[in-house]
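Here are my notes on the model, as numbered points. Have the structure open while you go through them.

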Amino acid sequence: MIQQLIEKIKKTKAPICVGLDPMLNYIPEHILKKSYNEFGETLEGAADAIWQFNKEIVDHTCDLIPSVKPQIAMYEQFGIEGLKSYQKTVDYCQQKGLLVIGDAKRGDIGSTSAAYATGHLGKVQVGSKTYSGFHTDFLTVNPYLGTDGVKPFVDVCNSEDKGLFVLVKTSNPSSGEFQDRLIDGRPLYELVAEKVVEWGDTCMDGDYSNVGAVVGATYPEMSKILRKLMPRTYFLVPGYGAQGGTAADLAHCFNEDGLGAVVNSSRGIIAAYRQEKYKQFGPEHFAEASRQAVIDMVADINSVL
Ligand SMILES: O=C(O)c1cc(=O)[nH]c(=O)n1[C@@H]1O[C@H](COP(=O)(O)O)[C@@H](O)[C@H]1O
C-alpha cells in the first residue's frame, strides 16, 4: 500500500494529505442553512453539512493531492449520523482516486485490536458473506499496549495490503510528558521507533514498510533523530500550519530521495477562507480558498526538499 501512496505523491509532486476534520464552526452559513432546511437542526442536519462541506473541498483539491486524512472524532461527535458522513467521505475520496488515512488512533488488547483492524482496514465475515466496514487504506494506531496490541493491525496490513501510521512522537504540547521520558538513558519515543521498525520489517512494500510512524512537525530536532533511526519507515507529519510547524521544520522528515514523509494540514486547508491571506475568496468560495491553500502548501514544502 505504501507504494501506492508513493506513486501518487510522485505524480502530484505533493507530499501532503488534506486533513478532513470538519467542525460546524468552520462550515459556511450557506451550507449549514441548506442542510438545516432539509434535515432540521439535528444530528442528521449537522452530519449532512459536514459531508457537503467535505465534498466541495475534495472536488476542488483532488487533482492536486495524493491523500486525505479524515479524523473520525469530528464525525463521531454527531453519533451514527456523523459516522455515516465519515463513511460517505471515505467512499467519495476513494472514488476520486485519493488514498484515505483513517485517523482513529486505535489500539487495545490483541482481540480488541483485531476487531478494530477488521472494521477499519479488513473484512468482516457475516455468515457466508464478507464485508468491508470503513475500508480506509491506512489507519493511525496507538502503540501504548505494546506488540500484542499492534500485531493484529500489522497482520491485516499483510493480508489486505493496507498501511498503518503508529504514534511515535506526537505534535501536541504535552507529548513529552510520557514520550520524552528517559528509560535506560533513552527517550521513550526512540524505543517506540525501534519497535515500529521491528513491526515494519514484517510488512515491507518495496523500499518502504507499510508500517509508518506519526512524527509531529513541531519537534524538528527529534524528527532528525527519528529519520535516522527509521530509514525505511514513512512518516505521517501533522502539526504543519495551524499548530505552528513550518516548512523548514519538515526538512528532516524526508529522506535524500525527497520521499519518506507525507505532511498533513487540516484547519490550514479546510478553513483557509477564514484566514486573512485567503479572505478575498469569501465563504461562498471556501473550497477555492482551500485549493489555493493546497497550492501554497505544496510550493512551501517543495521549497525545502
Ligand atoms: O495522528 C495524527 O494525525 C495526529 C498526530 C499528532 O501528533 N498530532 C496531530 O495533530 N494529529 C492529527 O492531525 C490533525 C492536525 O490538524 P490541524 O492542526 O488542524 O492541521 C488532527 O486531525 C490531529 O488529530
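1. Start with Asp184, which counts as exposed because just 5 other C-beta atoms lie within 10 Å, and the cut-off for exposed is 12 or fewer. Asp184 sits in the loop between strand E8 (182–183) and strand E9 (186–187). Its phi is near 50°, a positive value in a residue other than glycine. Keep in mind throughout that this is a predicted model.

2. His135 is another residue with a positive phi, of about 40°, although it is not a glycine. You'll find His135 in the loop between strand E5 (129–131) and E6. Is His135 buried or exposed, or something in between? It comes out as partly exposed, because it has 19 C-beta neighbours inside 10 Å and buried takes 20 or more.

3. Now to the annotated site. UniProt, in an unreviewed entry, puts an "active site" label on Lys105. In the model, Lys105 belongs to strand E3 (residues 99–106). Lys105 is partly exposed, since 18 other C-beta atoms are within 10 Å of its own. Setting aside neighbours within four places in sequence, Lys105 is in contact with Thr140, Asn142 and Leu167. Thr140 falls within strand E6 (138–141), and Leu167 within strand E7 (163–169).

4. The same kind of unreviewed record gives a domain: UniProt lists residues 15–281 as "Orotidine 5'-phosphate decarboxylase". Over residues 15–281, the chain is 42% helix and 21% strand. The C-alpha atoms at the two ends of that stretch are 25 Å apart.

5. Next, the ligand. Which of the 20 residues around the ligand come nearest? They are Gln71, Thr170, Pro238, Ser266 and Arg267. Strand E14 (261–265) and helix H12 (267–270) are the elements that give two or more residues to this shell. By type, the shell divides into 3 nonpolar, 14 polar and 3 charged residues.

6. On to the interior. The largest nonpolar core has 90 residues, and the members that touch the most others are Val166, Val168, Ala213, Val237 and Val262. Helix H3 (residues 43–61) gives the most to this core, with 8 residues. As background, nonpolar side chains tend to be buried together in soluble globular proteins. Take Val237 as an example: beyond four places in sequence, Val237 is in contact with Val215, Ala217, Leu250, Cys253, Ala261, Val262, Val263 and Asn264.

7. Helix H6 (residues 110–120) has a buried side made up of Ser113, Tyr116, Ala117 and His120. Viewed down the axis of H6, these residues fall within an arc of 100°, so they line one face of the helix. The spacing makes sense: an α-helix has 3.6 residues a turn, so residues three or four places apart point the same way. What do the buried residues of H6 pack against? The partners are E3, strand E6 (138–141) and helix H7 (147–160). E3 is also the strand that holds Lys105.

8. A closer look at Tyr116 in H6: it is buried, because 21 other C-beta atoms lie within 10 Å and the cut-off is 20 or more. Away from its sequence neighbours within four places, Tyr116 is in contact with Arg106 and Asp108. Tyr116 and Leu139 are 23 residues apart in sequence, with their C-alpha atoms 9.9 Å apart in space.

9. After H6 comes Lys123, in the loop between H6 and strand E4 (124–126). Lys123 is partly exposed, given 16 other C-beta atoms within 10 Å. Not counting residues up to four places away, Lys123 touches Thr118, Thr130, Tyr131 and Ser132. Lys123 and Val156 are 33 residues apart in sequence, and C-alpha to C-alpha they are 9.1 Å apart in space.

10. Last, helix H10 (residues 220–229), where Met222, Ser223, Leu226 and Arg227 are buried. Seen down the axis of H10, they fall within an arc of 140°, so they line one face of the helix. The face of H10 turned away from that buried side carries the exposed residues Glu221 and Lys228. Cover for the buried residues of H10 includes strand E7 (163–169), helix H9 (188–201) and strand E12 (211–215).

Definitions and conventions. Residues are numbered from 1 along each chain as its sequence is written. This is a predicted model: local features need pLDDT of at least 70, side-chain atom pairs count only at pLDDT 80 or more; totals for chains, interfaces and linings use all residues. UniProt positions are given in the numbering used here, feature names are shortened, and annotations may be inferred rather than shown by experiment. Helices (H or I, at least four residues) and strands (E, at least two) are DSSP runs, numbered from the N terminus. Two residues are in contact if their C-beta atoms, placed from the backbone, lie within 7 Å. A residue is near a molecule or strand if its C-beta atom, placed from the backbone, lies within 6 Å of it. Ala, Val, Leu, Ile, Met, Phe, Trp, Tyr, Cys and Pro count as nonpolar, Asp, Glu, Lys and Arg as charged, and the others, Gly among them, as polar. A nonpolar core is a set of buried Ala, Val, Leu, Ile, Met, Phe, Trp, Tyr and Cys residues joined through C-beta atoms within 7 Å. The arc is that of the directions from the helix axis to the C-beta atoms.
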